[in-house]
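Student: Could we walk through this fold together, starting from its sheets and then turning to the helices?
Tutor: Happy to; here it is.

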Amino acid sequence: MRIGVVCPYSFDVPGGVQAHVRDLAEHLGGRGHVVSVLAPTGQTARSAAAQGLVPAGRSLPVPYNGSVSRIGFGPVAAGRVLRWLDEGRFDVVHLHEPLAPSTSLLALWATGVPVVATFHTALARSRALRAAGPLLQPGLEKITARIAVSEEARRTVVEHVGGDAVVIPNGVFVDRFAAAVPHPPWQGTPARPVLAFVGRLDEPRKGLAVLLAALPALLAQVPGLRLLVAGRGGPHAAGHLLDGRTAAHVEFLGGVDDRAKAALLRSADLFIAP
């Protein structure tokens with residue numbers, strides 16, 4: 001099959017949706033399908049092509065759902081979506097976050113082939129979705145199959161979008177983590193076990209503040225405990241949550257690539273996701 005996959009978020013920065021889109025495209029390609037991925041990016045066409053990506057133009061940062069989403073919209077993005085659909089001659093188009101005001105929504109409006117939509121977002125409430133519902137309904141009716149990556153994402157679909165979705169959690173290439181080589185400085189000992197946190201430090205929903213607040217109680221039980229924090233934002237995003245005693249037990253690694261992330265998870269004694 002010829003499968004077109006659309007990511008609404010820029011590939012210029014790491015993110016869970018981008019990683020899922022990349023891995024899904026690799027998996028589908030490995031099963032013999034012809035896969036093309038369209039997403040916002042500031043990369044040149046040649047640089048994007050090296051990653052198996054078709055650029056939909058530059059993105060704009062928009063605060064949303066406790067994060068900053070870098071989305072692509074407007075005439076340039078719309079033109080590239082239309083050209084990609086025309087040249088791709090796809091049998092099916094797989095849209096991620098089809099209601100985000102970005103390339104996925106543009107593709108939903110423009111395509112005439114069967115559509116699979118994956119919903120990643122979990123929201124307690126959304127005035128924007130409720131207000132935009134009537135405008136989005138014609139596009140929603142074009143979706144052939146709906147996927148939610150979690151029960152919470154499914155609840156969001158049911159309550160805010162209408163209809164239902166099948167829950168299919170994001171796939172993971174487990175072997176890449178199992179085969180990762182531990183990094184000795186990140187490994188713990190019985191006296192000095194290592195905890196690992198991975199996530200953007202400037203997003204409260206990632207929960208680093210919860211973990212740092214619990215750190216004094218953890219240190220009271222395990223005085224030699226070490227906490228390794230990986231993610232964009234740096235110490236300035238969370239340093240104010242530490243005092244002199246706890247700061248000595250925390251190391252900020254900054255942003256890490258996929259290989260370093262796998263090595264960190266392979267090295268640590270425990271991964272914490274508050």
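What follows is a set of questions and answers about a predicted model.

Student: In which order do the strands of the open sheet of 7 strands lie?
Tutor: Let's begin at the borders: S3 (53-55) and S9 (166-167) are the edge strands, each pairing on one side only. The pairing in this open sheet is parallel. Reading across its 7 strands, the order is S3-S2-S1-S6-S7-S8-S9.

Student: Which residue stands opposite Val5 in S6?
Tutor: Strand S1 covers residues 2-6 and strand S6 covers residues 92-96. The two pair in the parallel sense over 4 bridges. Opposite Val5, in S6, stands His94.

Student: What angle does the direction of H3 make with that of S1?
Tutor: Helix H3 packs on this sheet, where it touches S1, S2 (34-39), S3 and S6. An angle over 145 degrees counts as roughly antiparallel. For H3 and S1, the directions make an angle of about 165°.

Student: Moving along the sheet, which residue of S9 stands opposite Ala148?
Tutor: S7 (residues 115-119) and S8 (residues 143-148) run parallel and are joined by 5 bridges, with Thr118 opposite Ile147 of S8. S8 also pairs with S9 in the parallel sense, over 2 bridges. There, the residue opposite Ala148 is Val167.

Student: Are the axes of H3 and H4 roughly parallel, roughly perpendicular or oblique?
Tutor: Two packed helices are described by the angle and the distance between their axes. The axes of H3 (residues 75-88) and H4 (residues 103-110) come within 9 Å and cross at roughly 55°. That crossing angle makes the relation of H3 to H4 oblique.

Student: How many residues in the contact of H3 with H4 are nonpolar, polar and charged?
Tutor: H3 passes H4 in a right-handed crossing. H3 contributes Ala77, Ala78, Val81, Leu82 and Leu85 to the contact, and H4 contributes Thr103, Leu106, Ala107 and Ala110. Sorted by type, these residues are 8 nonpolar, 1 polar and no charged.

Student: How many residues apart in sequence are the parts that the pair of Phe73 and Trp109 ties together?
Tutor: The whole structure holds 2 aromatic pairs. One of them is formed by Phe73 and Trp109, edge-to-face, with 6.4 Å centre to centre and 80° between the planes. Phe73 lies in the loop between S5 (67-71) and H3, while Trp109 lies in H4, so the pair ties together parts whose separation in sequence is 36 residues.

Student: And in the open sheet of 4 strands, which residue of S13 is the bridge partner of Ala196?
Tutor: The order of this sheet is S12-S11-S10-S13, with parallel pairing, and its edge strands are S12 (250-254) and S13 (270-271). S10 (residues 194-198) and S13 pair over 2 bridges. In S13, the bridge partner of Ala196 is Phe271.

Student: Which strands does H10 touch as it packs on that sheet?
Tutor: Helix H10 spans residues 258-267. Its direction makes about 145° with that of S10. The strands that H10 touches are S10, S11 (226-230), S12 and S13.

Terms used
Residues numbered from 1 in each chain as written. Predicted model: local features only at pLDDT ≥ 70, side-chain atom pairs only at ≥ 80, totals over all residues. Heavy atoms only, no water. Axes fitted to C-alpha atoms, helices over the stretch in contact; angles between N-to-C directions. Parallel < 35°, antiparallel > 145°, perpendicular 65-115°, else oblique. Left-handed = near helix turned anticlockwise from the far one by under 90°. Contact = heavy atoms within 4.5 Å. Nonpolar A, V, L, I, M, F, W, Y, C, P; charged D, E, K, R; others polar. Pairing = 2+ DSSP bridges. Phe/Tyr/Trp six-rings, centres within 6.5 Å; stacked < 30°, edge-to-face > 60°.
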